[in-house]
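Visitor: Please pick one part of this structure and take me through it closely. After that, I would like to see the rest of the chain around it.

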Amino acid sequence: MVDTHSHIYDEAYSEDFEDVVARAKGAGVEHLILPGIDSSCHSAMMNCAEKLGGYASAAIGLHPTSVAENWRDELQFVFDNIGDRFCAIGEIGLDEYWSKDFLKEQMEVFEAQLNLSAELDLPVIIHSREATEDIFSVLDAVKKPMKGVFHAFSGSYETYCRIKKYGDFKIGIGGVITYKNSHTASFLNKVPLSDILLETDAPWLTPVPFRGKRNESSYIKYIAEKVAELMNLPFEEIDRATTENAKSMFKL
């Protein structure tokens with residue numbers, strides 16, 4: 001399995017980092033994707049990626065909740081540091097749950113990073129929270145071939161179908177799929193397995209049976225088991241297909 005969204009560089013793992021990595025490997029996780037957030041987290045992420053060697057790949061991007069007064073400087077940081085060492089542009093997108101104070105700037109930052117990803121032929125990791133229509137309006141504005149993943153997807157089947165019109169997009173399925181109120185669980189069996197990536201968003205969005213505690217990449221097996229149950233497929237098939245999807249998307 002590949003955990004396509006792990007913030008294992010977060011200070012939540014400062015005391016037992018090696019154990020967390022060992023548990024992930026023991027659970028069958030063969031690779032981690034580390035999404036960027038902003039300049040304040042960049043060094044920790046890059047140090048973590050270096051420490052993990054070929055076991056992890058880093059992405060770079062300006063997270064929508066980090067768009068504030070200094071957004072121009074933060075966006076420039078992404079452009080200045082892109083280089084050729086990142087597997088994706090992300091985590092980028094829009095978040096209208098926490099605040100709409102900088103929504104206009106969020107949209108400008110999102111569009112600029114989508115254009116950058118198209119220019120460099122890199123996939124994007126999209127964060128969308130209570131912002132579906134605005135996300136689509138920015139995608140409409142870009143008008144370039146795009147590919148990537150809608151992280152922590154919790155939208156409707158209709159939203160999934162709309163996403164597919166913009167390019168090679170997949171949906172990231174994480175711990176929320178194990179919750180009783182998961183809307184996505186009701187239609188996941190209608191989504192082709194080729195469009196699904198597994199992720200944890202560790203240390204957040206912990207799956208059942210550990211909900212309420214710190215998440216970690218080893219718990220991705222519980223997500224895969226739930227996907228297998230919902231799609232009426234063997235666990236091994238979910239493991240194989242989602243791993244292939246991740247390797248293809250992020251060129252691992």
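Guide: Start with P209, which sits in the loop between β8 (196–198) and α7 (220–231). The model is a predicted one, and every value that follows is computed from it. The peptide bond leading from V208 into P209 is cis, with an omega near 15°.

D201 also belongs to the loop between β8 and α7. Its phi is near 60°, a positive value in a residue that is not glycine. Is D201 buried or exposed? Buried means under 20% relative accessible area, and D201 has 9%, so D201 counts as buried.

Next come two rings, those of F210 and Y219. The chain as a whole holds eight aromatic pairs. In one of them, the ring centres of F210 and Y219 are 4.2 Å apart and the ring planes meet at 5°, so this pair is stacked. Planes under 30 degrees apart count as stacked. The two partners fall into separate classes of accessibility: F210 is partly exposed at 21%, while Y219 is buried at 14%.

For a contrast in geometry, look at Y97 and W98. Their ring centres lie 5.0 Å apart and their planes stand at 85°, so that pair is edge-to-face. The limit for this label is over 60 degrees. Y97 is partly exposed, with 40% relative accessible area, and W98 is exposed at 61%. Ring pairs also join Y157, Y160 and F187 into a cluster.

The cis bond before P209 has a counterpart elsewhere. The peptide bond from G90 to E91 is cis too, with omega near 20°. E91 is part of strand β4, which covers residues 89–95.

The positive phi of D201 can likewise be set beside that of A152, whose phi is near 50° although A152 is not a glycine. A152 is in the loop between β6 and α6 (157–163). Whereas D201 is buried, A152 is partly exposed, at 26% relative accessible area.

The loop of A152 follows on from β6, so to speak of β6 is to turn to G148, which lies in that strand, residues 146–150. G148 has 0% relative accessibility and therefore counts as buried. Beyond its neighbours within four places in sequence, G148 touches P123, V124, D168, F169, K170 and M249. By comparison, G148 and N232 are 84 residues apart in sequence, and their C-alpha atoms are 26 Å apart in space.

Now the whole chain. It has eight helices and eight strands. Its C-alpha atoms fill a box of roughly 45 × 40 × 30 Å along the principal axes. For 252 residues, a compact globule would have a radius of gyration near 18 Å, and the chain's 17 Å agrees with that. Buried residues account for 56% of the 252. Of the contacts between residues at least 6 apart in sequence, 73% connect residues at least 24 apart.

At the surface, the chain exposes about 11,300 Å², and carbon and sulfur atoms supply 48% of that area. There are 25 positive and 40 negative side chains, with the centres of the two sets 5 Å apart.

Note on methods:
Residues are numbered from 1 along each chain as its sequence is written. This is a predicted model: local features need pLDDT of at least 70, side-chain atom pairs count only at pLDDT 80 or more; totals for chains, interfaces and linings use all residues. Side-chain values use heavy atoms; hydrogens and water are left out. Helices (H or I, at least four residues) and strands (E, at least two) are DSSP runs, numbered from the N terminus. The radius of gyration is taken over C-alpha atoms; the globule rule is 2.2 Å times the number of residues to the power 0.38. Buried means under 20% relative accessible area, exposed over 50%, partly exposed in between (1.4 Å probe, protein chains only). Contact means heavy atoms within 4.5 Å. Accessible areas come from the Shrake-Rupley method with a 1.4 Å probe; for residues, only the protein chains shown count as cover. Lys and Arg count as positive and Asp and Glu as negative; His and the chain ends are not counted. The place of a charge is taken as NZ of Lys, CZ of Arg, CG of Asp or CD of Glu. Rings of Phe, Tyr and Trp (its six-membered ring) pair if their centres lie within 6.5 Å; planes under 30 degrees apart count as stacked, over 60 as edge-to-face and the rest as tilted.
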